[in-house]
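Work through the exercises below with the sequence and the model side by side. Each task is followed by a solution that goes step by step.

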Amino acid sequence: MALSSQPVSLPWSDTAPTEVDVAIVGGGFAGLMTMVHLCRSMPQARIAVFERRPRGAPGVAYGGCDAEHLLNVPAARMGAFPSEPAAFHAWLDERFPGRWGAEDFAPRAMFGAYLSQLVAHELASTGAQVRLVRDAVAHLEPLHAGMELLLASGRTCMARAVLLGPGLPPARAPWARVDHGVARAALAADPWEACAMQGLDPRADVVVLGSGLTAIDIVLGLRRAGHEGRIRMVSRNGRLPLPHAVPGQTPVSMPLDAFGGGPRAVLHALRRAAQERTAAGLGWQGALDAIRPHVTAIWRTWTPAQRRQFMRHARPMWEIHRHRAPRSVLAEIERQLGAGTLVLERGEVVGLVPAADGAMDVSVRSPSGAVRTHRAARLFNCVGPAMGVRDSIDPLVGSLLRSGLASTDELGMGIRTDDDGLLAGGAAAPVWLVGALRRGELWESTAVPELRVQAARAAAAIVERLRSAAPVRAAADGGTASQLPTGGR
Ligand SMILES: Cc1cc2nc3c(=O)[nH]c(=O)nc-3n(C[C@H](O)[C@H](O)[C@H](O)COP(=O)(O)OP(=O)(O)OC[C@H]3O[C@@H](n4cnc5c(N)ncnc54)[C@H](O)[C@@H]3O)c2cc1C
């Protein structure tokens with residue numbers, strides 16, 4: 001694909017069409033790549049992508065980062081299309097020859113540039129009418145042969161099919177029920193918002209809630225922005241992610257039946273495989289990489305009770321082994337911990353009290369029950385999304401569940417779909433889902449290698465449905481009808 005090397009900004013506008021063939025909720029990787037597949041299969045379709053955030057780069061992971069935040073997946077696995085996993089690395093290498101190897105972790109902002117260039121190229125060459133709209137979708141209402149989208153701006157849009165690509169809905173901030181009075185400016189509920197670090201005294205002490213990949217990114221981002229004060233990471237398990245393997249090790253592959261049985265048996269097999277690798281002088285990480293292609297298949301064989309057992313007892317350890325950090329990143333974190341400028345504290349925040357100069361006094365209870373209080377000029381919420389979708393504060397997810405259009409899996413971790421992403425349940429509405437909200441049934445449904453397959457599959461299912469379906473018509477008033485053009489590349 002001939003793409004220029006310049007970063008591009010996509011043509012977002014505030015004007016929403018009143019009627020389209022496909023409405024896409026979310027302008028991240030999931031939404032944009034589904035849009036690309038749809039453009040290629042239905043070159044005359046009318047498509048609208050709705051995005052509620054005002055930022056330029058696509059999605060949460062590639063939009064809020066600075067130039068040095070790194071991907072957690074090697075460049076050669078980040079291609080946007082299932083058939084071309086190495087395409088992102090090829091794109092990088094064409095522009096910066098030799099700078100990043102296939103197994104290197106490139107900056108996330110580079111991936112944002114790759115994705116937006118790919119989308120801009122598609123928009124310029126497709127015959128489809130695509131509108132990128134800055135608005136939040138608040139509610140979906142079934143029509144006779146389609147859906148009506150109610151937007152946060154008060155406008156509406158009718159669509160013959162809807163693709164949901166909303167990422168993971170935000171959790172309630174840990175201080176949501178605390179009366180934080182005048183110290184509101186000290187609370188950064190979304191650490192990726194541009195304003196999260198604004199106005200912060202560079203010598204002040206701050207608290208980062210969480211110790212996972214996002215917390216690490218925020219610590220390093222603060223330092224790059226010149227923050228000199230002490231940073232305290234507070235988390236329930238007090239564990240950092242583990243490092244990726246040293247590059248260049250031969251990948252291992254293991255058959256699915258090496259991981260039979262319930263969570264205990266699978267983790268036992270995994271531990272044994274990791275021990276065999278370390279005994280051979282190789283990284284334990286290879287064992288995790290070997291199970292990864294089978295994770296969804298294994299998860300699907302487990303009963304709800306077994307899944308619950310895994311979530312309760314094994315998830316924290318799974319997370320730090322599975323969601324690893326580049327070695328260079330962890331080396332810098334270790335350096336700061338050694339210097340005492342960064343502190344990692346195991347415990348739970350039990351109190352927030354406004355203090356002088358707009359700061360907060362943060363009380364942390366350790367596992368032994370002792371409570372210590374720290375003054376923080378800012379608190380960064382890096383605890384991640386809610387594990388239960390019903391705990392989310394997202395208006396659209398709440399509305400989908402209340403209206404019965406969507407239903408949750410047995411553990412309430414995500415939204416149920418069929419294998420193509422079509423929402424499961426009684427409603428039979430033409431609504432598909434791509435992304436992490438499918439984790440209840442797939443468990444691995446987070447990163448580009450999974451989402452690029454989901455996007456292609458959901459797009460194919462939407463095309464098939466639209467080619468055989470009737471035009472959209474409002475249920476109550478007979479509304480306007482549209483014709484979906486057929487044909488494809
Ligand atoms: C900090 C961080 C680092 C990551 N690093 C990597 C990595 O290195 N490699 C990797 O493969 N994956 C990584 N991931 C996972 C990453 O999230 C996925 O790769 C992918 O980008 C998810 O895309 P998405 O479109 O599903 O979700 P998102 O990127 O979250 O995009 C969803 C979009 O939908 C919008 N939206 C939600 N609801 C509505 C609504 N009702 N109306 C309108 N808009 C709405 C949101 O504003 C958001 O922009 C990372 C994630 C994070 C948070």
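**Salt bridges and burial**

At 5% relative accessibility, Arg324 counts as buried, where buried means under 20% relative accessible area, exposed over 50%, and partly exposed in between (1.4 Å probe, protein chains only). The model is predicted, so local features need pLDDT of at least 70 and side-chain atom pairs count only at pLDDT 80 or more, while totals for chains, interfaces and linings use all residues. Residues are numbered from 1 along each chain as its sequence is written, and side-chain values use heavy atoms, with hydrogens and water left out.

**Exercise 1.** Determine which side chain meets that of Arg324 in a salt bridge, and which parts of the chain the pair ties together.

*Solution.* Begin with the criterion: a salt bridge is a side-chain nitrogen of Lys or Arg within 4 Å of a carboxyl oxygen of Asp or Glu. The partner of Arg324 is Asp289, at 2.9 Å from N to O. Next, place the two residues: Arg324 lies in the loop between α10 (315–322) and α11 (327–339) and Asp289 in helix α7 (residues 285–291), so the pair ties together parts that are 35 residues apart in sequence. Helices here are DSSP runs (H or I, at least four residues), as are strands (E, at least two), and both are numbered from the N terminus. Finally, check the burial of the partner: Asp289 is partly exposed, with a relative accessible area of 32%.

**Exercise 2.** Describe how strand β10 is placed among its neighbours, and say which way its side chains point.

*Solution.* Start with the pairing, for which DSSP must find at least two bridges between two strands. Strand β9 (residues 206–209) runs parallel to β10 and is joined to it by four bridges, with Leu209 and Val234 as bridge partners. Between these two strands the chain passes through helix α5 (residues 213–224), and the β-α-β crossover is right-handed; that is, with the strands pointing away from the viewer, the path from the first strand over the helix to the second runs clockwise. Strand β11 (residues 342–346) also pairs with β10 in the parallel sense, over five bridges, and Ser235 stands opposite Arg346 there.

Turn then to the side chains: Ile231, Met233 and Ser235 point one way from β10, whereas Arg232 and Val234 point the other way. In a regular strand the side chains alternate between the two faces of the sheet. Five of the five residues of β10 (residues 231–235) are buried, so the strand is largely enclosed by the rest of the structure.

**Exercise 3.** Find the salt bridge that Arg232 makes, and decide whether its two residues are buried or exposed.

*Solution.* The side chain of Arg232 meets that of Glu345 at 2.8 Å, N to O. Glu345 belongs to β11 and Arg232 to β10, so this contact ties together parts that are 113 residues apart in sequence. The relative accessible area is 12% for Arg232, which is buried, and Glu345 likewise counts as buried at 10%.

**Exercise 4.** Locate the salt bridge between Asp419 and Arg300, and state how accessible each residue is.

*Solution.* The closest N and O atoms of the pair are 3.2 Å apart. Asp419 lies in the loop between α12 (395–403) and β16 (431–433) and Arg300 in helix α8 (residues 295–301), so the pair ties together parts that are 119 residues apart in sequence. Both are partly exposed, Asp419 with a relative accessible area of 44% and Arg300 with 40%.
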